[in-house]
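Grab the model in your viewer and keep the sequence panel open. Try each exercise yourself before reading its solution.

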Amino acid sequence: YNDSFKDEVERMVRESIAAERRKELELELDARMPPQQPTAAPPAGAPRHASVASLLEAAALPQYLASFEEEAMDAETLYGVMESQGRTALEEVLLELGVRSKGHRMKIANLVAP
């Protein structure tokens with residue numbers, strides 16, 4: 001019993017350390033990467049999308065609408081995350097919403113970017 005408990009604690013510590021290191025590496029990589037020019041960003045001064053449906057339609061990604069609606073995610077919340085917490089936080093939210101493709105997350109983030 002004692003050895004299995006010890007093994008489990010060691011495994012949990014290793015996973016925790018690995019997760020922290022991954023996060024550090026992501027932050028370091030973000031800091032090293034030059035800002036990318038948006039490829040699908042709206043023109044300067046373009047109006048915000050009033051709904052998630054119009055945002056996803058503009059990104060040509062309507063397949064995510066059900067997931068966004070299921071989680072009660074609205075467009076204003078996405079804009080708020082981008083403005084207050086930045087692109088990395090927005091991409092994490094999108095990942096949690098089921099947008100697994102990096103390219104799809106970038107398309108949405110480019111439309112939400114100021």
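Below are six exercises, each with a worked solution.

This is a predicted model, so local features need pLDDT of at least 70, side-chain atom pairs count only at pLDDT 80 or more, and totals for chains, interfaces and linings use all residues. Residues are numbered from 1 along each chain as its sequence is written, and side-chain values use heavy atoms, with hydrogens and water left out.

**Exercise 1. Get an overview of the model and its confidence.**

Step 1: Start with pLDDT, the predictor's confidence in each residue, from 0 to 100. Its mean over the protein is 84, and 87% of the residues reach 70 or more.

Step 2: Find the weak spot. Over residues 38-43 pLDDT stays under 50, and the model has seven contacts there beyond four places in sequence. Contact means heavy atoms within 4.5 Å.

Step 3: List the elements. Helices (H or I, at least four residues) and strands (E, at least two) are DSSP runs, numbered from the N terminus. You should get six helices and zero strands.

Step 4: Add the surface. Of 114 residues, 23% count as buried, where buried means under 20% relative accessible area, exposed over 50%, and partly exposed in between (1.4 Å probe, protein chains only). The accessible surface comes to about 8000 Å², with 56% of it belonging to carbon and sulfur atoms. These areas come from the Shrake-Rupley method with a 1.4 Å probe, and for residues only the protein chains shown count as cover.

**Exercise 2. Work out which side of helix H4 (75-85) faces inward.**

Step 1: Pick out the buried residues of H4: Ala75, Leu78, Tyr79, Val81 and Met82.

Step 2: Check their directions. They span an arc of only 160° around the axis, so they sit on the same side of H4. The arc is that of the directions from the helix axis to the C-beta atoms.

Step 3: Look at the opposite face, which carries the exposed residues Glu83, Ser84 and Gln85.

Step 4: See what does the covering. H2, H3, H5 and H6 are among the elements over the buried residues of H4.

**Exercise 3. Inspect both ends of H4.**

Step 1: At the start of H4, look for a polar contact (a pair of N or O atoms within 3.5 Å; within protein, one must be able to donate a hydrogen and the other to accept it, and residues adjacent in sequence count only if both atoms are side-chain atoms). A side-chain oxygen of Asp74 comes to within 3.4 Å of the backbone nitrogen of Glu76.

Step 2: Go just past the other end. Gly86 takes a positive phi of about 95°.

**Exercise 4. Trace the largest nonpolar core.**

Step 1: Set the rule: a nonpolar core is a set of buried Ala, Val, Leu, Ile, Met, Phe, Trp, Tyr and Cys residues joined through side-chain atoms within 4.5 Å.

Step 2: Rank the members. Of the 22 residues, Leu55, Phe68, Leu78, Leu90, Leu94, Ile108 and Val112 touch the most other members. H2, H4, H5 and H6 each give two or more residues, and H4 gives the most, with five.

Step 3: Zoom in on Leu90, which lies in H5 and is buried at 0% relative accessibility. Beyond four places in sequence, Leu90 contacts Leu78, Val81, Met82, Ala109 and Val112. The C-alpha atoms of Leu90 and Leu78 are 6.9 Å apart.

Step 4: Do likewise for Phe68. Beyond four places in sequence, Phe68 touches residues including Val52, Leu56, Met73, Leu78 and Ile108.

**Exercise 5. Where do the side-chain polar contacts of Arg105 go?**

Step 1: Place the residue. Arg105 is in helix H6 and is buried, with a relative accessible area of 10%.

Step 2: Follow the side chain. The side chain of Arg105 reaches the backbone oxygen of Val99 at 3.1 Å and that of Arg100 at 2.8 Å.

Step 3: Complete the neighbourhood. Beyond four places in sequence, Arg105 is also in contact with Glu91, Leu94 and Leu95, among others.

**Exercise 6. Examine two alanines with positive phi.**

Step 1: Take Ala60, in the loop between H2 and H3. Its phi is near 60°, and at 52% relative accessibility Ala60 is exposed.

Step 2: Take Ala72, in the loop between H3 and H4. Phi of Ala72 is near 55°, and its relative accessible area of 65% makes Ala72 exposed.
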